[in-house]
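Hello,

Here is the structure I promised to hand over. Have a look at it first, and then read on for what turned up in it.

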Amino acid sequence: MLKILEGLNIQTSKVTRTLDNLVLTIYGVNGVGKTPVATSFPKALYFATGHSGLTGLANVNFIPIRTWAEFKKAVKTVTNPKDYDEIHSEIETLVIDEVETLFNDYCTSYVCSTEGVNKIKEGNSGYGLWKELETEWRNTINKVLSSGFAVVFILHAVADDTGKMYPSGDTKRMLPVILNASDAIAYMEPAGLDGDGKPVYSSLRLADSEVAFARTRNPFWSQKYPVIEQVTAKNLIDSYFDAIDTQAKSQGAQVISREEQEKQYQNSEDQVPFDELLTATKKLCSEVQNKFGSADKALEVIEETLGAGKKLSACTEKQRGAVQNIKNELEGLLKEG
């Protein structure tokens with residue numbers, strides 16, 4: 001590797017055979033079995049929003065969500081990185097149902113209430129609070145997406161003019177946050193009745209078709225399983241792992257564990273106590289001052305990061321990123337010829 005790139009902690013991606021960080025969007029009409037499949041994922045915690053689909057389902061751990069504030073509180077608790085290992089021992093999958101209600105009613109009402117208006121379009125002197133709504137939604141959902149758990153979003157379906165089915169919801173602000181992060185967008189459809197007139201398990205479409213929009217981030221998944229007949233959580237998960245194994249074999253890739261993957265993403269800088277980081281940065285300031293004969297260069301770096309008149313010594317743990325950036329810039333100055 002080029003010497004100039006050595007400080008960037010460049011890694012080579014590997015295939016991970018785990019449900020951690022898997023994001024699924026399952027959509028379909030009412031009554032096809034979306035919730036039973038999703039809540040049968042390992043150690044699932046169900047966020048019951050609006051008219052949730054728990055009717056007739058027993059032994060499901062769930063949190064009743066009736067306001068956006070309740071949702072934010074629940075998300076903050078279960079996604080706290082400091083408690084990750086402890087929480088992960090009890091929870092592996094987060095299931096968020098009735099996403100449209102969560103956005104259209106709860107998140108929208110929350111943004112309106114914080115701005116003192118009745119409708120989004122009334123805020124910001126009549127220009128609307130669309131940006132504020134998008135930001136509130138994105139910031140909270142991103143905490144779910146980056147939590148390390150498997151996440152299953154459940155949505156309803158809507159047909160376009162040709163009859164093709166798509167996930168229902170706001171296509172500008174709500175859906176992009178979820179769909180762009182999804183490893184699979186899958187349409188669940190009823191399979192009808194068997195020979196005795198009894199209903200059978202629904203099927204799940206993972207590949208795009210004239211019937212419904214669908215896709216998988218891993219192409220081996222949808223290529224090998226364009227449709228999963230009589231879908232259950234088990235055969236859905238089995239198909240995912242089979243796709244991972246197929247990918248690894250095809251690409252000659254190494255399959256690694258969750259622990260090994262986490263090590264790849266660890267940043268040694270984050271492990272340094274803040275007091276040590278601050279002390280090391282102050283020391284670099286002195287070294288830069290000695291090299292250039294004045295404190296001007298170091299002050300320029302500090303003020304470009306913190307703002308005019310701000311002092312490095314006043315920084316707190318919350319400004320770790322800013323201090324780390326100052327440290328990096330000062331090290332760059334010392335390396336200059």
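A good place to begin is Ile26, which stands opposite Ala186 in strand 9 (residues 184–189). Helices and strands here are DSSP runs (H or I of at least four residues for helices, E of at least two for strands), numbered from the N terminus.

Before going further, two notes on reading this. The model is predicted, so local features need pLDDT of at least 70 and side-chain atom pairs count only at pLDDT 80 or more, while totals for chains, interfaces and linings use all residues. Residues are numbered from 1 along each chain as its sequence is written, and side-chain values use heavy atoms, with hydrogens and water left out.

Back to strand 2 (residues 23–27). All 5 of its 5 residues are buried, so the strand is largely enclosed by the rest of the structure. Buried means under 20% relative accessible area, exposed means over 50%, and partly exposed lies in between (1.4 Å probe, protein chains only). Val23, Thr25 and Tyr27 point one way from strand 2, and Leu24 and Ile26 point the other way. Strand 2 runs parallel to strand 9, and 4 bridges join them; two strands pair if DSSP finds at least two bridges between them. Strand 2 also pairs in the parallel sense with strand 6 (residues 150–155), over 5 bridges. There, Thr25 stands opposite Phe153.

Now the overall picture. The chain has 12 helices and 13 strands, and 43% of its 337 residues are buried. Its accessible surface comes to about 18800 Å², with 49% belonging to carbon and sulfur atoms; these areas come from the Shrake-Rupley method with a 1.4 Å probe, and for residues only the protein chains shown count as cover. Of the contacts with a separation of 6 or more, 67% are between residues 24 or more positions apart. Contact means heavy atoms within 4.5 Å.

Strand 3 (residues 44–49) is another one to look at. It too is largely enclosed by the rest of the structure, because 6 of its 6 residues are buried. Ala44, Tyr46 and Ala48 point one way from strand 3, whereas Leu45, Phe47 and Thr49 point the other way. Strand 3 pairs in the parallel sense with strand 5 (residues 93–96) over 4 bridges, and Ile96 in strand 5 is the bridge partner of Phe47. Strand 3 also runs parallel to strand 4 (residues 61–65), joined by 5 bridges, with Thr49 opposite Ile65.

Leu45, in strand 3, is buried at a relative accessible area of 9%. Its C-alpha atom is separated by 5.5 Å from that of Phe62, although the two are 17 residues apart along the chain. Leaving aside neighbours within four places in sequence, the contacts of Leu45 include Phe62, Val78 and Leu94.

What about the nonpolar core? The term covers a set of buried Ala, Val, Leu, Ile, Met, Phe, Trp, Tyr and Cys residues joined through side-chain atoms within 4.5 Å. The largest has 43 residues, of which Phe47, Phe71, Trp137 and Phe153 touch the most other members. Helix 4 (residues 99–115) gives the largest share of this core, 7 residues. A second, separate core of 33 residues includes Ala48, Val152, Ala184 and Phe220. In soluble globular proteins, nonpolar side chains tend to be buried together.

Two helix pairs are worth finding on screen. The axes of helix 2 (residues 68–78) and helix 4 come within 8 Å and cross at roughly 95 degrees. That makes helix 2 roughly perpendicular to helix 4. Trp68, Phe71 and Lys72 in helix 2 meet Leu102, Tyr106, Cys107 and Tyr110 in helix 4. Helix 10 (residues 274–292) and helix 11 (residues 296–306) pack at about 135 degrees, with their axes 7 Å apart, and are therefore oblique to each other. Axes are lines fitted to C-alpha atoms, for helices over the stretch in contact, and angles run from 0 to 180 degrees between N-to-C directions. Angles under 35 degrees count as roughly parallel, over 145 as roughly antiparallel, 65 to 115 as roughly perpendicular, and the rest as oblique.

One last stop is Asn21, in the loop between strand 1 (15–16) and strand 2. Asn21 has a positive phi of about 70 degrees although it is not a glycine, and it is partly exposed, with a relative accessible area of 38%.

Happy exploring!
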